[in-house]
Amino acid sequence: MQLVDTHCHIHFEDYKLDPEEVIAAAVADGVTRMICVGCTLEDSEEGVEFVASRENCWASIGLHPHEGAVYADNPETLERFARLVGKPKVVAIGETGLDYYYNHSPKRHQIDILEFQLDLAQKNNLPVIFHVRDAFKDFWPILDNFKSITGVIHSFTASSKELEDGLSRGLYVGLNGIMTFTKEQTQLEAVKAAPLDRIVVETDAPFLTPKPFRGTICQPKFVRLTAEFLASLRGETLEEFADATTTNAVKLFNLR
């Protein structure tokens, strides 16, 4: 049985655990592939370097919506970011999207860098890892302007309506440790209704540690706990759930 952690940040400079030990522990628990996701130019560059020498890791380069004000009017920096696309083991763009919950950057800037990254993904035939919080109303029309985009709604915690909207556009949903401790029944009902061929699992390490390890630093091996919880919730065996979500991740991100 194998699992894929489709979203972690173990390459971040401030990740407090030894990445070599973390990767070894993940592989020992059957988590054989990890995607290291960037949120800024700098940690996207670090992610590309990090995965180059680690056979179990791949990179996604992204500019997070919180960083919109930093990059939106900075063409030289965006050009530097775009050059990362051709680097070895870059399998996706993101995380990118819209976050109207915190609004750390003006909406205009968030939209500008989202559209920039969607254009980059479209031109290079790469999937996109989306971060969308309290912003689906604006997000869907923007996405619809870019044809044939594939990707995943990272850290999906929305309702059946957003699930249906995403599925109708060919997107996957990324599920993580939140599912093990959420008290929102609408979220759990949406997850139960999601087709198995449209689910991938993730940790968002070092964040969102699942039960029963809340309060500790999250790491990729914990994706197994989320998979166990979700398989039980959905009435599937762990083997069925792991096989399907691994197949989905390999297909979506073209992992080799």
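**Exercise 1.** In this predicted model, decide whether Cys36 is buried or exposed.

*Solution.* Start with the cut-off: a residue is buried when its relative accessible area is under 20%. Cys36 has a relative accessible area of 1%, so it counts as buried.

**Exercise 2.** Now work out how many disulfides there are.

*Solution.* Recall first that a disulfide is a covalent bond between the sulfur atoms of two cysteines. Here the two sulfur atoms have to lie within 2.5 Å. Take Cys36: its closest cysteine sulfur, in Cys8, is 4.2 Å away, and therefore too far for a bond. By this rule the count is zero disulfides. Cys8 is accordingly in no disulfide, with the sulfur of Cys36 as its nearest cysteine sulfur. Cys8 counts as buried too, because its relative accessibility is 0%.

**Exercise 3.** Check the radius of gyration of the chain against that of a compact globule.

*Solution.* Begin with the chain length, 256 residues, for which a compact globule would have a radius of gyration near 18 Å. Next, take the value for the chain, 17 Å, which agrees. For the extents, the C-alpha trace spans about 50 × 40 × 30 Å along its principal axes. Finally, look at burial: 56% of the 256 residues count as buried.

**Exercise 4.** Find what share of the exposed area carbon and sulfur atoms supply, and how far apart the mean charge positions are.

*Solution.* The chain exposes about 11,100 Å², and carbon and sulfur atoms supply 49% of that area. For the charges, take the 25 positive and the 38 negative ones: their mean positions are 3 Å apart.

Terms used:
Residues numbered from 1 in each chain as written. Predicted model: local features only at pLDDT ≥ 70, side-chain atom pairs only at ≥ 80, totals over all residues. Heavy atoms only, no water. Rg over C-alpha atoms; globule rule 2.2 N^0.38 Å. Buried < 20%, exposed > 50% of the residue type's maximum accessible area, 1.4 Å probe, protein only. Areas by Shrake-Rupley, 256 points an atom, 1.4 Å probe, with all protein chains shown as cover. Lys, Arg positive; Asp, Glu negative; His and termini not counted. Charge placed at Lys NZ, Arg CZ, Asp CG, Glu CD.
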